[in-house]
Amino acid sequence: MFKSSNALKMAEYLGRPCLAFSVHAGCAVVDPANGHELFAILNMNEISNMELILINPEKNNGCVFHAPKGHGSWGMIKVSNDCLIIGTYYDGEFVIFNLKKMKFIKCAKFPGAEYIRSPILGKDGFVYGGGYPTGSLASLDLNTYEVRVLGRPNLINDDMRCLSILPDGRIICYCSGKGEPSVWLFDPFDPNSTNRFHNLTGDLKTALDGAIRGVIWNDYFLPRLPNGGIKALESVSLKDICPLPFPLPPNDRGGYHIDTTLTTKDRLFIHQIQEDINTGSVFHFFYSYIKGDKHLTEITKKKIDLHGGRVFASSSKGEILGIRGQDYFLIKPGDETLNIVPIPTKCSPREILFLKADPDRCLWGGPRFGQTLFRMNPHTRDFVNYPIFCDADGEIYDIAFYNGKIYAVAYAGGDIIQYDPNQPWDQLDRKNPRTIASVGLSPANSAKCHPTKSYNRPTGGIVLGPDSKLYSGWKSQFDSGSAIAKTDPNTGETEIIEIPQSWQTISGLAVDEEHIYFTSLETNWLGIIDIYNKKIKIYIPLRLDSCDSFGPIALDKKTKKILIASRLKSSSCEPIVFDTLTMRFSSIPMPPESNIKSRTISAPGNGKAYYGNDKKQIISLDLKCLKIAILGELPENADAIAAGKSLIRRNIWDIYASCRADIYRIKG
């Protein structure tokens, strides 16, 4: 327990229930000690740094190594000295793991970078990585582990996202982020050290045909063509080779492409995709080829549904290794189905993104990335972590409860998901949990939802309205506006209410019998939508000059008032109260202790709102008289707040707070 320094209640420690894998990088390696092939993956962790997990698929066991730096990684490669080179986020480090010593041996900072993208091994023996938000390229010397920043091709793009090596050693650099994406060539052998970036022009631009990445196989360069299809470029001239030096799959199984992730210098992999527009299912065929073979080797005898899984590597035997949420899979030549196996190690506790209490007094929450949830009984402190809730990669932002079911909104597919905890789990067959609607332009849901653009990030969360409909707030995939989705939880029928582009990131959402209320990170107004005619009105706070934007909101059903987190230009976050009966903001100033720090606010309908301030305290705000009470203290500032009915006292609410990975309770 955490003891208060004064007469306040103690915050009771309940545990660290959020245990979830989130893997963004992997490769195949050989254990130098015994020659066993291992699947090396990197598991994200914001609390204790990322975890390198070495899985032996034959024995289905693994070892975990905690990294000295980095919360996670988008790229990892093995180099010739039996080392793994890892590019990390959010601290932009090259982290080196020695497979002979089975330990991390070095960290080297990429100056200015928070992310290191897609590290690759150059022809000159250096490792190269692209940086974000620097938009620059850096090299790592494998002898000295010195990092050199090699420049930035332009001053607009801030994310050098993808690198590929050409047979002559030049590097294709794909840059994105701010501005229009661009593709450049970097020549490590160019004596002009001040500017070795060159525009992609002429015959090479024509030959790449829009490709931003590729792979070297058998001395040919195989670009990953953006519109499908396959071509091969000669190693010296980089001209098209016709006929191709390998056979192609049958055309009646769908489009195909070179799989640049699986292809090695000796073994070619072709990936063919077949989509079912009626069900939204995506089926895969994989083929491999070694120079001299007469035919392609069909890895999969039948089409395989990866269920949103991602392939990461291929073994020396031509096997395919991949990850699906909390599981991994190994596809062997001749397999007809996908064999999904739980990752055979334990992971460390993760940071909790949100926290909600259900009518049965259990707590629910989820991690940043991981597409999963946990459920905790706060009275017994028992908890369970679930597999992933939908096939799309990403994370669940928020949940709501209705008729004993859980309704979740998830990035990155724009999914609205229904889960019945009283029915058997059957997500692989898309029965429970299942996506009932999508606002991400999914063809499988086109009959239930008609967005004009892809909305994929549910920044406004989800709430249940008094009309028993679900309301969720979304940001568009390409920062071109936002929308509110109104969903029937029984049928999945969804209406899209598009919001003007000035509201790019909906940050809070509330609903009553007549109106939808929403806030945005880009504006300092409260938006109100008439439920019947969909017209939007704007309400401006009294202190507009000091208010920069609005954060989360919560509507109290008893007083009909909304508590809004108002982000001030001084960087603090002040509570503002809006009365939905008078349609006016309150003019009563709040004391310094009232500042809002938590990402969420809870208003359970008892006339009060609860949140965490910036002094490691849990605050109760009486919305009738606008007086605050400090309920208790925490060891850290709260991230998320939830109110749940007390097990032993009627009409009394216990308040729960998550502090990074930990959950605490203040009893009512």
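Colleague: What makes you call strand S2 (residues 23-30) largely enclosed by the rest of the structure?

Modeller: The count of its buried residues. This is a predicted model, and in it 6 of the 8 residues of S2 are buried, so the strand is largely enclosed by the rest of the structure. For a residue to count as buried, its relative accessible area must be under 20%.

Colleague: And why are S2 and strand S3 (residues 37-43) called a pair?

Modeller: Two strands pair if there are at least two bridges between them. S2 and S3 have 7 bridges, running in the antiparallel sense, so they meet that cut-off. Within this pair, Val30 stands opposite Glu37 in S3. The hairpin of S2 and S3 has 6 residues between the strands, and Gly35 takes a positive phi near 80° there.

Colleague: Glu37 in S3 catches my eye. Which side chain does the side chain of Ser316 make a polar contact with, and how do you know that it counts?

Modeller: The partner is the side chain of Glu37, at 2.6 Å. A polar contact needs N or O atoms within 3.5 Å, so 2.6 Å passes. Ser316 itself lies in the loop between strand S25 (310-314) and strand S26 (320-324). Leaving aside neighbours within four places in sequence, Ser316 is in contact with Glu37 and Arg267.

Colleague: Is Ser316 buried or exposed, and what decides that?

Modeller: Exposed. The relative accessibility of Ser316 is 54%, and the cut-off for exposed is over 50%, so the label follows. As for distance, Ser316 and Glu275 are 41 residues apart in sequence and 29 Å apart in space, C-alpha to C-alpha.

Colleague: What about Asp358: where is it found, and is it buried or exposed?

Modeller: Asp358 is in the loop between strand S29 (352-357) and strand S30 (363-367). With a relative accessible area of 12%, Asp358 falls under 20%, so it is called buried. A polar atom of its side chain lies 2.8 Å from the backbone nitrogen of Cys362. Not counting residues up to four places away in sequence, Asp358 touches Trp364 and Phe401. The C-alpha atoms of Asp358 and Ile406 are separated by 9.0 Å, with their positions 48 residues apart along the chain.

Colleague: Now Asp158. Why is it said to have no salt bridge?

Modeller: Its nearest side chain of opposite charge is Lys178, 4.5 Å away. A salt bridge has to be within 4 Å, so this one misses the cut-off. Asp158 is buried all the same.

Colleague: What does the side chain of Asp158 reach on Lys178?

Modeller: The backbone nitrogen of Lys178, at 3.2 Å. Not counting residues up to four places away in sequence, the residues touched by Asp158 include Tyr132, Pro133, Arg152, Ser176 and Lys178. Asp158 lies in the loop between strand S13 (147-151) and strand S14 (159-165).

Colleague: S14 is part of an open sheet. Why do S14 and strand S17 (197-199) count as its edges?

Modeller: The open sheet has 4 strands in the order S14-S15-S16-S17, paired antiparallel. S14 and S17 each have a single partner strand, so one side of each is left without a neighbour in the sheet. Neighbouring strands here are turned by 35° against each other on average, direction ignored. S14 and strand S15 (residues 171-176) are joined by 6 bridges, and Leu163 has Cys173 in S15 as its bridge partner.

Colleague: How many strands are in the open sheet with the order S49-S50-S51, and how are they paired?

Modeller: That sheet has 3 strands with antiparallel pairing. Strand S49 (608-612) and strand S51 (627-633) stand at its edges, since each has a single partner strand, so each has one side without a neighbour in the sheet. The average turn between neighbouring strands of this sheet is 25°, direction ignored. Strand S50 (residues 617-622) and S51 share 6 antiparallel bridges, with Ile630 in S51 as the bridge partner of Ile619.

Colleague: Last one: what makes strand S39 (residues 482-487) largely enclosed?

Modeller: 5 of its 6 residues are buried, so the rest of the structure largely encloses S39. S39 pairs in the antiparallel sense with strand S38 (residues 470-476) over 6 bridges, and with strand S40 (residues 494-499) over 6 bridges. Trp474 has Ala483 in S39 as its bridge partner, while Thr487 has Thr494 in S40. In the hairpin of S39 and S40, Gly492 takes a positive phi near 85°.

Technical notes: Residues numbered from 1 in each chain as written. Predicted model: local features only at pLDDT ≥ 70, side-chain atom pairs only at ≥ 80, totals over all residues. Heavy atoms only, no water. Helix = DSSP H or I, 4+ residues; strand = E, 2+ residues; numbered from the N terminus. Buried < 20%, exposed > 50% of the residue type's maximum accessible area, 1.4 Å probe, protein only. Lys, Arg positive; Asp, Glu negative; His and termini not counted. Polar contact = N/O pair within 3.5 Å; in protein donor to acceptor, adjacent residues only side chain to side chain. Contact = heavy atoms within 4.5 Å. Axes fitted to C-alpha atoms, helices over the stretch in contact; angles between N-to-C directions.
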